[in-house]
Amino acid sequence: MNIPNDPLMLLSYINTKLRDDYQNLDILCDDLNLDKEKLIDKLAAIDYHYNKELNRFA
């Protein structure tokens, strides 16, 4: 799967996927073959962190 490389575009893409298609980040990463820690680190670099209760990066 080709996901956006730009952090802000990635944020939008991942949050949309989480909202529309996935119950949590683990399922999304497994399904899309994404390295969860790399994704978390990339979005943390722009000060966004995964919130389990909201199921989104905020």
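The following paragraphs describe how the helices of a predicted model pack together and which residues make notable contacts.

Residues are numbered from 1 along each chain as its sequence is written, and side-chain values rest on heavy atoms, with hydrogens and water left out. In this predicted model, local features need pLDDT of at least 70 and side-chain atom pairs count only at pLDDT 80 or more, whereas totals for chains, interfaces and linings use all residues.

Two packed helices are described by the angle between their axes and the distance between the axes. Helices and strands are DSSP runs numbered from the N terminus, a helix being a run of H or I of at least four residues and a strand a run of E of at least two. The axes themselves are lines fitted to C-alpha atoms, for helices over the stretch in contact, with angles that run from 0 to 180 degrees between N-to-C directions. Helix α1 (residues 7-20) and helix α3 (residues 36-44) have axes that come within 9 Å and cross at roughly 120 degrees. The two helices α1 and α3 are therefore oblique to each other, given that angles under 35 degrees count as roughly parallel, over 145 as roughly antiparallel, 65 to 115 as roughly perpendicular and the rest as oblique. The contact (heavy atoms within 4.5 Å) is made by P7, L10, L11 and I14 on the side of α1 and by L39, K42 and L43 on the side of α3. A second helix pair is formed by α1 and helix α2 (residues 25-32), whose axes come within 10 Å and cross at roughly 110 degrees, so that α1 and α2 are roughly perpendicular to each other. Here Y13, I14, K17 and L18 of α1 meet L25, L28 and L32 of α2.

Several residues of α1 can be followed individually. Burial is expressed through relative accessible area (buried under 20%, exposed over 50%, partly exposed in between, with a 1.4 Å probe and protein chains only). L11, placed in helix α1, is buried, with a relative accessible area of 9%. Although L11 and L43 are 32 residues apart in sequence, their C-alpha atoms are 6.8 Å apart in space. When neighbours within four places in sequence are left aside, L11 is in contact with L43, Y48 and F57. L8, also in helix α1, counts as exposed at 56% relative accessibility; the C-alpha atoms of L8 and L43 lie 8.2 Å apart, with the two positions 35 residues apart in sequence numbering.

N15 is a further member of helix α1 and is buried, with a relative accessible area of 11%. The C-alpha atoms of N15 and R56 are 5.4 Å apart, while the two residues are 41 residues apart in sequence. Beyond its neighbours within four places in sequence, N15 is in contact with R56 and F57. A polar atom of the N15 side chain lies 2.7 Å from the backbone nitrogen of F57, which is a polar contact in the sense of a pair of N or O atoms within 3.5 Å, where within protein one must be able to donate a hydrogen and the other to accept it, and residues adjacent in sequence count only if both atoms are side-chain atoms.

F57 also takes part in the one aromatic pair that the structure holds. Its partner is Y50, and the pair is tilted, at 5.4 Å centre to centre with 55 degrees between the planes; rings of Phe, Tyr and Trp (its six-membered ring) pair if their centres lie within 6.5 Å, and planes under 30 degrees apart count as stacked, over 60 as edge-to-face and the rest as tilted. Of these two residues, F57 is buried, with a relative accessible area of 1%, whereas Y50 is partly exposed at 22%.

The loops contribute contacts as well. N55 lies in the loop between β1 (50-51) and β2 (56-57) and is buried, with a relative accessible area of 13%. A polar atom of the N55 side chain lies 3.2 Å from the backbone oxygen of L18, and, neighbours within four places in sequence aside, N55 is in contact with L18, Y22, Q23, N24, L25 and Y50. Most residues other than glycine have a negative phi, but phi of N55 is near 55 degrees, a positive value. N33 likewise has a positive phi, near 55 degrees; N33 is found in the loop between α2 and α3 and is exposed, with a relative accessible area of 72%. D35 lies in the loop between α2 and α3 and is partly exposed at 42% relative accessible area, with a polar atom of its side chain 3.0 Å from the backbone nitrogen of K38.
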